[in-house]
Amino acid sequence: MAAGRCSFCGRRDTEVPTLVAGPGGVAICPECAELAIQISRERTDPRFDGDLLVTGIGRLVTNDSVGDDLIGEVPDATVAVRDGKVAWAGPAAALPYRYRDLPELDCGGRAVIPGFVDSHTHLVFAGERSIEFGRRRRGERYEDIAAAGGGIRSTVAATRLAGPDLLMEGAIARAGRMLAAGTTTVEVKSGYGLEPLTEVHLLEVANEIGERLPIDVVPTFLGAHAIPEEFEDLRQAYLWMVTQEMLPVCAPLARFCDVFCDRGAFDQDEARRVLQAGVKHGLKPRLHAGQLANVGAVELAVELRAASADHLDHCTSEQAALLAESRVAAVLLPAASLSLGTMPPARMLWDKGVTVALATDCNPGTSFVERMPFVVALGVLELGLSPEQALWAATRGGSLALELPDRGRLGPGALADMVVLDADSHLHLSYRPDADHTWKVVKRGVVVSG
Ligand code: NIG
Ligand code: FE
């Protein structure tokens with residue numbers, strides 16, 4: 001602590017009763033303590049929009065494509081941020097004079113990319129399923145374990161028992177790790193309650209995470225994730241409950257409605273019914289489509305103009321053409337695919353002109369994965385995307401899949417959500433897939449991690 005003076009009012013230690021350590025360890029007098037605490041709180045308030053001049057950027061990924069350069073890379077760049085939004089981005093030498101007084105973050109030649117947009121997660125749950133994972137890797141099928149009461153149903157049992165506080169504890173820890181790895185926007189689904197009260201709790205926890213951490217949460221209602229045990233032989237009654245009892249209380253807490261439309265889950269007609277009811281409550285559709293088998297979920301996504309069709313491990317080239325034509329985004333989840341032993345035709349989807357996004361699918365069953373850099377590496381090493389395609393899909397692709405065009409790029413008007421990599425190029429994300437590449441995370445112009 002710097003001795004002698006209060007760093008707020010400047011009075012000497014001889015003029016005030018005592019000096020104490022304030023926020024950040026600065027010397028402070030008791031009269032200024034409240035003000036100091038308020039200012040430091042503003043700095044970490046997730047809704048606080050910052051002003052910042054990000055300098056010394058060795059390579060800036062803007063995602064404003066120019067010709068063959070998909071990710072619009074600018075060498076020796078600067079980004080000027082006002083009120084949490086990018087005001088200017090370009091070569092350092094061309095920085096307009098009016099931005100020179102902004103508070104500076106010098107990146108020392110490191111690469112800067114847009115914050116990751118994780119467009120598919122089941123972040124809020126209790127328990128874990130490592131025993132089931134072991135059984136699957138020894139040869140048992142996901143669907144057989146689920147049919148025997150394991151799988152989603154076992155997480156539902158743990159989640160119903162947990163209660164909101166315990167759910168928050170686990171989910172906020174995961175969200176914090178996601179943020180520290182560079183995720184600045186995350187979609188979060190319900191779907192492990194499967195009865196009205198717990199589904200409401202899951203969405204409330206999701207929304208509260210966005211208030212407690214500097215990360216934007218996009219909540220999705222997934223009441224049709226599985227048929228719960230108590231409705232085993234009562235499918236119609238369960239669908240009635242989803243559309244008539246859950247949707248009215250869950251819709252105000254969500255932005256999208258999702259259905260697990262697949263073999264052993266919900267068929268095309270059932271999914272249509274739920275998604276159409278969601279639309280009546282103001283929720284835009286998105287779909288788990290073709291993770292285990294092809295049951296017409298892609299066609300349904302196109303019919304309902306869904307925001308996205310996700311998984312797509314069994315997508316045909318005809319279906320890819322449909323997605324491209326209809327502008328439904330394809331959210332690919334390589335960590336889940338790896339664990340189930342299938343892979344979506346990522347390159348084919350990309351080449352047909354589909355908007356491709358990459359996401360974690362964070363859940364305790366098929367993909368206990370939190371970090372988007374790992375997913376980018378899988379996109380390159382397992383799905384065969386180029387490093388630029390994978391990075392674009394994890395940032396801009398995710399923003400388009402969530403219908404949030406104000407992020408996932410770093411040009412004028414975009415949210416100033418950025419990751420400063422501890423490397424001079426984004427290539428290191430997949431070149432050194434096991435390294436921690438995140439030097440600092442910036443959310444709306446405020447350094448929130450690193
Ligand atoms: O996206 N497919 C449905 N939902 C999850 C898995 C959920 C679970 O197994 O708990 C998924 O992979
Ligand atoms: Fe999922």
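Visitor: What makes residues such as Arg-129 and Tyr-142 count as surrounding ligand 1?

Guide: Welcome to this predicted model! A residue counts as near a molecule if one of its heavy atoms lies within 4 Å of it. By that test 15 residues surround ligand 1, and the closest are Arg-129, Tyr-142, Tyr-192, Gln-291 and Thr-366. By class, this shell holds four nonpolar, nine polar and two charged residues.

Visitor: Why is the pairing of ligand 1 with the side chain of Arg-129 called a polar contact?

Guide: The cut-off is 3.5 Å between N or O atoms. An oxygen atom of ligand 1 is 2.7 Å from an N or O atom in the Arg-129 side chain, so the pair qualifies. The side chain of Asp-361 has such an atom 2.9 Å from a ligand oxygen, and for His-288 the distance is 3.2 Å, so both pass too.

Visitor: How do you know what share of ligand 1 the protein buries?

Guide: Taken alone, ligand 1 exposes 330 Å², and the protein buries 100% of that. The space that ligand 1 takes is the largest cavity.

Visitor: Why is the meeting of Arg-136 and Glu-132 called a salt bridge?

Guide: The rule asks for a side-chain nitrogen of Lys or Arg within 4 Å of a carboxyl oxygen of Asp or Glu. Here the N to O distance is 3.7 Å, so the pair fits. Because they are four residues apart in helix α2 (residues 130-137), Arg-136 and Glu-132 are separated by about one helical turn. A search of the whole structure finds 26 salt bridges.

How values were computed: Residues are numbered from 1 along each chain as its sequence is written. Chains are lettered from A and ligands numbered from 1 in the order in which they are written. This is a predicted model: local features need pLDDT of at least 70, side-chain atom pairs count only at pLDDT 80 or more; totals for chains, interfaces and linings use all residues. Side-chain values use heavy atoms; hydrogens and water are left out. A polar contact is a pair of N or O atoms within 3.5 Å; within protein, one must be able to donate a hydrogen and the other to accept it, and residues adjacent in sequence count only if both atoms are side-chain atoms. Accessible areas come from the Shrake-Rupley method with a 1.4 Å probe; for residues, only the protein chains shown count as cover. On a 1 Å grid over the protein atoms alone, a cavity is a set of points where a 1.4 Å probe fits but cannot get out, and a pocket is an open set with protein on both sides within 12 Å along at least five of seven lines; lining residues have an atom within 4 Å of a point. A molecule sits in a cavity or pocket if more than half of its atoms lie within 2 Å of its grid points. Ala, Val, Leu, Ile, Met, Phe, Trp, Tyr, Cys and Pro count as nonpolar, Asp, Glu, Lys and Arg as charged, and the others, Gly among them, as polar. Helices (H or I, at least four residues) and strands (E, at least two) are DSSP runs, numbered from the N terminus.
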